Amino acid sequence: DNVTYNIWWPGCDYVTSMQNFTDGCLEPCVDASIMFDMQKLNEELPSKLVSYPSRTASGFETVQLQGLWLPADASKFPGPRPRIVVQHGFQANMNEFRQQFVAFILRSLGFDLLLNNFRDHCRSDHSRERVFHWGDAYPFDTLGAWDYAKDDPDGLLGGSMDASKVGILGFSKGGFNTLNALGLEGEIPGVWVDSAPSEPKTVYGYGLELFLKG
């Protein structure tokens, strides 16, 4: 429940105390009071680390993943509540500001969330390759999280949920793989993608341009 003041925020750099927000470092985009609301919600509502496998697929290694389960306030939003898998982007994980901030917004609106980590990221297990990709097995990591959020096989999320009530939200590379997951799984009712490239070479080309410029 202390992640709000233990991560990097744009405009504020790495913060170590809630008081770091009082100098207006997030303004004009975000008022400091919102960060205090976010911290209050994180302290009041439960959170839980959960483990689950990536979806099994021919030609791809199945890896044990770990994500963060963040339910909405049951006293304000009696269940069953719709669920959303949040998929991080390039060189990110469940603990970084984009995932944490959107989790605060969506929990406040009554959604239960599963913040998923790709293989080789954060608390998820390493693959044999231990190589960062833009596609490859990643859609099956996202689908493994979606399967878990939908089926609740361990009985930790409040029971299984109809597929029509479980969506996915992805940022950047996570958005790219969210679209791939949507193409692979026809029961996903809807997705939200933020800043997803249309194809990986767009990102590689931009990175190469920066590299050549020194």
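Here are four short exercises with worked solutions on a predicted model of a protein chain.

**Exercise 1. The overall fold**

Work out how many helices and strands the protein chain has, and in which order they come.

*Solution.* Start with the count: there are 5 helices and 8 strands. Next, walk along the sequence, where the pattern reads β-β-α-β-β-β-α-β-α-β-α-β-α. Now turn to overall size: the radius of gyration is 18 Å, close to the 17 Å that the globule rule gives for 214 residues, so the chain is as compact as a globular protein of that length. Along the principal axes, the C-alpha atoms fill a box of roughly 55 × 50 × 30 Å.

**Exercise 2. Inside and outside**

Find what share of the residues counts as buried, and what supplies the exposed area.

*Solution.* Begin with burial: 47% of the 214 residues count as buried. Then take the surface, where the chain exposes about 10800 Å² and carbon and sulfur atoms supply 53% of that area. Finally, look at contacts with a separation of 6 or more: residues 24 or more positions apart account for 62% of them.

**Exercise 3. Two neighbours in strand β4**

Decide whether G67 and Q66 are buried or exposed, and list what each one touches.

*Solution.* Locate the residues first. G67 lies in strand β4, which spans residues 64-70, and Q66 is found in strand β4 too.

Next, apply the cut-off for buried, under 20% relative accessible area. G67 counts as buried because its relative accessibility is 0%. Q66 is buried as well, because its relative accessible area is 16%.

Then turn to the contacts, leaving aside residues up to four places away in sequence. G67 touches K48, L49, V50, Y52, M94, L114, L115, N116 and N117. For Q66, the list is L49, V50, S51, Y52, N117, R123 and S124. With S51, the side chain of Q66 also makes a polar contact of 3.1 Å.

As a last step, try a distance: G67 and V3 are 64 residues apart along the chain, and their C-alpha atoms are separated by 15 Å.

**Exercise 4. A nonpolar patch**

Identify which residues make the nonpolar surface patch of about 200 Å², then place L179 within the fold.

*Solution.* The patch is made by L179, L182 and V193. For L179, the place is helix α4, residues 173-184. To finish, check exposure: L179 counts as partly exposed because its relative accessibility is 38%, and partly exposed covers the range between the 20% and 50% cut-offs.

Conventions
Residues are numbered from 1 along each chain as its sequence is written. This is a predicted model: local features need pLDDT of at least 70, side-chain atom pairs count only at pLDDT 80 or more; totals for chains, interfaces and linings use all residues. Side-chain values use heavy atoms; hydrogens and water are left out. Patches are made of residues with over 30% relative accessible area and no salt bridge: like charges are joined within 9 Å, nonpolar side chains (Val, Leu, Ile, Met, Phe, Trp, Tyr) within 5 Å. Accessible areas come from the Shrake-Rupley method with a 1.4 Å probe; for residues, only the protein chains shown count as cover. A salt bridge is a side-chain nitrogen of Lys or Arg within 4 Å of a carboxyl oxygen of Asp or Glu. Helices (H or I, at least four residues) and strands (E, at least two) are DSSP runs, numbered from the N terminus. Buried means under 20% relative accessible area, exposed over 50%, partly exposed in between (1.4 Å probe, protein chains only). Contact means heavy atoms within 4.5 Å. A polar contact is a pair of N or O atoms within 3.5 Å; within protein, one must be able to donate a hydrogen and the other to accept it, and residues adjacent in sequence count only if both atoms are side-chain atoms. The radius of gyration is taken over C-alpha atoms; the globule rule is 2.2 Å times the number of residues to the power 0.38.
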